[in-house]
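Visitor: I would like to go through this structure by question and answer. Please start with the overall layout and then turn to the ligand.

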Amino acid sequence: MPANKKLLVLPGDGIGPEVMGQVGRVVEWFGDRRALKFEIEEGLVGGAAIDAQGTPLTDATMDKAMNADAVLLGAVGGPKWDNLPFAQKPERGLLRLRKDMALFANLRPAICFDALVSASSLKPEIVSGLDIMIVRELTGGVYFGSPRGIETLADGTRRGVNTQIYTTPEIHRVARVGFELARKRGNKLCSVEKANVMESGVLWREEVTKLHEAEYREVELSHMYADNCAMQLVRNPKQFDVIVTDNLFGDMLSDQAAMLTGSLGMLPSASLGDPDETGRRKALYEPVHGSAPDIAGQGIANPIACVLSFAMMLRYSLDLGGEADLVENAVRNVLASGKRTGDIALSGEATLSTAEMGAAVLAELETLGA
Ligand code: IPM
Ligand code: MG
């Protein structure tokens with residue numbers, strides 16, 4: 001690899017710093033063993049940034065993110081900051097990163113590792129071998145649409161407003177990511193909206209269909225209403241290959257898909273922008289789980305989603321598929337050997353701490369790849 005890659009690490013709040021600490025060890029391992037050197041900067045985001053810097057994301061940190069080859073983020077938010085005005089909440093830091101970096105495509109793979117089949121709340125035959133990819137639109141829709149706000153009406157009652165907006169280019173660019181991924185996988189794309197009640201959903205369906213006809217006829221395209229998709233995900237999740245959907249439906253359906261794999265603590269994600277003239281994409285990698293205030297500070301969180309997010313970074317930002325495979329195989333073997341953090345343990349099973357799980361991944365990396 002040419003120059004050292006610039007990595008911005010934003011551990012954030014709650015269990016964020018705990019799980020990111022284990023990723024730090026994996027990063028070091030690649031430096032020591034694979035001569036894969038990163039130029040790492042750390043920064044604050046979310047509540048941690050509010051406490052230290054008075055804002056959920058400073059302009060200086062934003063600049064660093066814009067100039068990094070990739071951003072690795074832990075989690076944001078927590079009860080301590082729940083009562084802040086909306087615009088100052090920890091989540092705004094994350095949303096600003098996504099919006100200003102134009103990370104419109106959020107890839108959330110839900111893979112059920114064989115060893116975790118029994119950790120899922122669904123029957124083994126429903127989830128074993130599950131491998132689906134949810135592509136969530138990340139910079140549009142109701143998360144960012146205006147008008148938005150809460151107003152007091154003349155009679156003293158209040159009105160809350162949010163707006164769902166999608167334009168043709170926004171739909172096409174995220175659908176394109178879905179089609180391209182489908183081509184490299186099972187060649188099936190399911191586009192999800194609520195065209196039965198929302199105009200933005202009608203447009204979504206029409207535009208995805210147009211793009212399909214114009215450029216991706218060889219991919220098998222289907223359409224599904226979001227409520228039906230939620231149901232199908234627990235009825236027969238293996239019918240899906242790639243799902244493409246809007247920001248809000250993607251938020252909900254990806255949490256649901258995560259639980260098919262055994263735990264929210266297992267799911268990584270990549271948020272990608274369009275490639276620039278040099279082919280480089282802005283990118284942010286984060287576990288799908290949040291800051292988990294209920295277990296924060298106890299050293300028991302599952303670091304695997306964060307470690308797998310780092311693997312996605314190797315694959316999508318650095319084009320190091322072989323190294324990404326190495327990390328994923330290390331995780332697979334650790335799970336196969338029966339090692340479990342609390343979230344994926346069955347009752348009565350011994351559990352590892354966050355650091356012990358990190359150590360187990362390192363030991364496996366050592367066995368597989370030194
Ligand atoms: C996610 C999270 C975020 C979202 C929150 C923390 C703003 O739930 O990444 O899925 O709603 O997008
Ligand atoms: Mg979410």
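**Domains and ligand**

Guide: In this predicted model, the chain is divided into domain 1 (1–108 + 263–370) and domain 2 (131–260).

Visitor: How many residues of domain 1 are in contact with domain 2?

Guide: The C-alpha centres of the two domains lie 25 Å apart. Contact here means heavy atoms within 4.5 Å. On the domain 2 side 20 residues take part, and on the domain 1 side the number is 18.

Visitor: Where does ligand 1 lie with respect to domain 1 and domain 2?

Guide: The residues around ligand 1 are Glu91, Arg98, Arg108, Arg136, Tyr143 and Asp251. Domain 1 and domain 2 both give residues to this shell, so ligand 1 lies between them.

Visitor: How many residues in the shell around ligand 1 are charged?

Guide: The shell holds no polar residues and 1 nonpolar residue. The charged residues in it number 5.

Visitor: What percentage of the area of ligand 1 does the protein bury?

Guide: An oxygen atom of ligand 1 is 2.8 Å from a side-chain N or O atom of Arg108, and the distance is also 2.8 Å for Arg136. For Asp251, a polar side-chain atom lies 2.8 Å from a ligand 1 oxygen atom. Taken alone, ligand 1 exposes 320 Å², and the share of this buried by the protein is 77%.

Visitor: Which pocket does ligand 1 sit in?

Guide: The shell around ligand 1 includes Glu91 and Tyr143. As for the pocket, ligand 1 sits in the second largest.

Methods: Residues numbered from 1 in each chain as written. Chains lettered and ligands numbered in written order. Predicted model: local features only at pLDDT ≥ 70, side-chain atom pairs only at ≥ 80, totals over all residues. Heavy atoms only, no water. Near = heavy atom within 4 Å. Polar contact = N/O pair within 3.5 Å; in protein donor to acceptor, adjacent residues only side chain to side chain. Areas by Shrake-Rupley, 256 points an atom, 1.4 Å probe, with all protein chains shown as cover. 1 Å grid on protein atoms, 1.4 Å probe; cavity = no way out; pocket = protein on both sides within 12 Å on 5 of 7 lines; lining within 4 Å. Sits in = over half its atoms within 2 Å of the grid points. Nonpolar A, V, L, I, M, F, W, Y, C, P; charged D, E, K, R; others polar. Domains from an automatic or database assignment.
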